[in-house]
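Please open the structure in your viewer and keep the selection tool at hand, since this tour moves from one selection to the next.

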Amino acid sequence: MRWYFLPALLLGALLGAATAHAFPAEVLSIHDGDSITARRVGAKQEKPQKVRIYGIDCPELGQPYGEEARALAKQVLDGKTVEIVPAQKGKSYRREVGGIVLVSDMLVIQDALVSAGLAWVDDRFCKLPVCDLWRLHQREARSAGRGLWADEAAVPPWTWRKMQRAKQKK
């Protein structure tokens, strides 16, 4: 598996595009590949907050490669201090939406997940310039057949969720 360790230029692009200031946070738990719970560093009294990872969509836990996406996010982020870069003004389902940068390794989790073939770049929402880099890495992962791209019939999570809702209505 190849991970892309990003230069300071990419970190600057993420930080420069933020609608609010980045903040350091300790990752407390990993829900799935694209959702974490974190607490601002130095804010022990503050309630932990859920964070939706900006720009990507990982397979759901009941979907093929969902557990693998969560395992990678857990391996890279769990218990670590990261920079959370808010990517939009409002919250989504009471969650902050932002980029997650492991500064000590100059690693952006979105890039790690996409490069490993464990996430789609979500073109419906991924509008920052850095999304183009993630799209390039998605094409590379797909060409190499990494992760979910080993399955020619891989179903994007937004389609999978829609299919699950339709099944529940029956």
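Begin by selecting Glu 46, which at 31% relative accessibility counts as partly exposed (buried means under 20% relative accessible area, exposed over 50%, and partly exposed in between, with a 1.4 Å probe and protein chains only). Add Arg 40, whose salt bridge with Glu 46 has its closest N and O atoms 3.4 Å apart; a salt bridge is a side-chain nitrogen of Lys or Arg within 4 Å of a carboxyl oxygen of Asp or Glu. Now show Phe 23 as well, for the charged end of Arg 40 sits over its ring, 3.7 Å from the centre (this requires NZ of Lys or CZ of Arg within 6 Å of the ring centre and within 35 degrees of the ring normal).

The model is predicted, so local features need pLDDT of at least 70 and side-chain atom pairs count only at 80 or more, while totals for chains, interfaces and linings use all residues. Residues are numbered from 1 along each chain as its sequence is written, and side-chain values use heavy atoms, leaving out hydrogens and water.

Next, select Glu 67 and Arg 70, whose side chains meet in a salt bridge of 2.8 Å, N to O.

Finally, select Trp 120 and Trp 149, both of which are buried. Their ring centres are 5.7 Å apart and their planes stand at 65°, so the pair is edge-to-face (rings of Phe, Tyr and Trp, the last by its six-membered ring, pair if their centres lie within 6.5 Å; planes under 30 degrees apart count as stacked, over 60 as edge-to-face and the rest as tilted). Adding Trp 158 completes one aromatic cluster with Trp 120 and Trp 149.
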